[in-house]
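Here is a quick tour of one protein model, from the whole chain down to one sheet and the helices around it. Have the viewer open as you read.

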Amino acid sequence: MDLASSPPGTLPADHRPSPAAAVERAVLASIVDGVLVNDVTERVTLLNEAAAQFLQIERRTAVGRPVRTLFDSFSARGRLTLEGAMDRLFADPYSAQYAEGITETIVEIGARVIQAHLSPVLTEVGEFLGLVTVLRDVTREVESERAKTDFVSNVSHELRTPLTAIKGYTDLVIRQAAGPLNEQQMNFLQVVQTNADRLTTLINELLDISRIESGRVKLDTQTVFLQGTIETAVEMVRPYCDQRRQQMVVELDPEAGPVLGDENRLVQVVGNLLSNASRYTPEDGRIKVSLSQLEGFVRVDVSDTGIGISPEDQAKIFQRFYRSEHPAVQLVAGTGLGLSITKMLVEMHAGRVWVESEPGHGSTFTVVLPVHAGTAEVGPQISPRQRVLVVEDNREIAEQIALQLRGEGFDALVALTGAQALALARAERVDLVTLDMLLPDLTGMEVLRQLKADPETASVPVIVVSVMSPPAPGQGGSAGGYGERSFALEKFVESVREALAR
Ligand code: ADP
């Protein structure tokens, strides 16, 4: 294009004769990317053969037409995003310098996936002449990304089944259900158990990431008051903080408005941050979670008095698999995936997450989410969920059960000991208790007796989960195979559903 010879404020149309134009057109014609130029009146002044092909139009007839009429073959969403970017650039052509991301978009045209990159055409003195849109066919990249995600997802699924059996049988042997163990055998098996737990976490997180990335995670969106969400997450993490004698401070503004979101996923977000706060804070430390309302946003802060994060690490911790080289981090088992999942979930809720930290003095992770203004329909949607207290001394199994229950729309609290179970059942509203009979402190029977003896908890139904039998409603439980019992989570949830429906 010979911009210098054009009148001010316009771009030369490619049919105007110009000595340089022929060479430039030849160059444009040989570019595999589509190039499309429009002037400030939104008329097309130039487009190359590749652009005409992508847009499924005749090149000759396109010049002079309003540029937006060329986007008819785009998917509706693609057209909206592209026109949105155009509007923004027309309103403020100089914004592209500091907000590059807003000018890039992916559109689908038939079976093709096209990446469109828009830039303003600015002269040396900053005069705005129009827009140039570069279209690139990224169908193959998108397909191979999809194939990779599917692969991760399939492999993770396949790994989960044998791993469940390894974990189950190891757990059984550790509980000495197959005969007494000497100290060394116990130690060795605990190593097996810890590593199987790590693998399970890794596989679950990989599955989560691949599902989110491939768009297979659909948010079950409703009006959510974060006070309840945070309390659920706190109860999930509290047993671990208690074990480490960490103080948990919860400060929730009761006036903070609701957000539009998926309650289970928001519990996961806050739970991840709280669990990190606990894991990266020494014993006797302090963890605080607060909820406040800002103009149009709600803000959740999770802070700790832990090891802190260096400025270099702060820039990287939201990336997949990144873990700090801090020796204290290396001592804690982890995958480096939790924060990237957290970030993706927050962004799916149109929110933002960031960290502020002083190494050696602790960290604060902040999540902000837009307040949901339309609270009129809130009433029926916030009826409390039925809450299940899961009493199970094996943390991993307890978490699995709780996760499954939350996925089914129940609220779940976890108690790892008999004493915790009794305390929680008395302090919280609980609609059902699932009780493992083998607990480290009290026997399951003793817990059951005390629950029934206390008028506060006497009427709460209890499902007894015996180690050698499948979970069955009531106190019985037939002697079934262990493999059948241990991880028939679906059956388990079915029993919970049935018991609560009575
Ligand atoms: P993981 O905890 O499994 O390593 P995450 O993605 O949750 O994975 O966290 C990534 C890294 O961020 C951690 O390995 C750790 O280095 C750092 N990190 C996260 N939360 C904290 C925290 N509260 N205090 C200090 N470091 C943290």
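What follows starts with the overall numbers and then turns to a sheet and two helices.

## The whole protein

Keep in mind that this is a predicted model. Its secondary structure comes to 17 helices and 16 strands. Of the 502 residues, 46% count as buried.

How much surface does the protein expose? It comes to about 24,700 Å², with carbon and sulfur atoms supplying 55% of that. As for contacts, take those between residues at least 6 apart in sequence: 63% of them join residues at least 24 apart.

## A four-stranded parallel sheet

Now look at the open sheet built from four strands, which come in the order β14-β13-β15-β16 with parallel pairing. The edges belong to β14 (411-415) and β16 (462-465); each has a single partner strand, so one side of each is left without a neighbour in the sheet. From one strand to the next, the twist averages 20°.

Zoom in on the pair β13 and β14. Strand β13 covers residues 387-391, and five bridges join it to β14, the two running parallel. If you want a spot to find that pairing on screen, try Val391, which stands opposite Ala415 in β14.

## Helices across the sheet

Two helices are worth picking out here. Helix α13 (residues 395-407) lies across β13 and β14, and it runs at about 170° to β14. Helix α17 (residues 489-501) lies across β13, β15 (432-436) and β16, running at about 140° to β15.

## A closer look at α17

Does the length of α17 add up, and what span should its 13 residues have? At 1.5 Å a residue they should span 18 Å, and the end C-alpha atoms are 18 Å apart, which agrees.

Which residues of α17 are buried? They are Leu489, Phe492, Val493, Ser495, Val496, Ala499 and Leu500. Viewed down the helix axis, these buried residues fall within an arc of 155°, so they line one face of α17. The spacing makes sense in general terms: an α-helix has 3.6 residues a turn, so residues three or four places apart point the same way.

The buried residues of α17 pack against β13, β15 and β16, and against helix α13 as well. Over on the other side of α17, Glu490 and Ala501 are exposed.

Conventions:
Residues are numbered from 1 along each chain as its sequence is written. This is a predicted model: local features need pLDDT of at least 70, side-chain atom pairs count only at pLDDT 80 or more; totals for chains, interfaces and linings use all residues. Side-chain values use heavy atoms; hydrogens and water are left out. Two strands pair if DSSP finds at least two bridges between them. Axes are lines fitted to C-alpha atoms, for helices over the stretch in contact, and angles run from 0 to 180 degrees between N-to-C directions. Contact means heavy atoms within 4.5 Å. Buried means under 20% relative accessible area, exposed over 50%, partly exposed in between (1.4 Å probe, protein chains only). Accessible areas come from the Shrake-Rupley method with a 1.4 Å probe; for residues, only the protein chains shown count as cover. The expected span of a helix is 1.5 Å times one less than its number of residues. The arc is that of the directions from the helix axis to the C-beta atoms.
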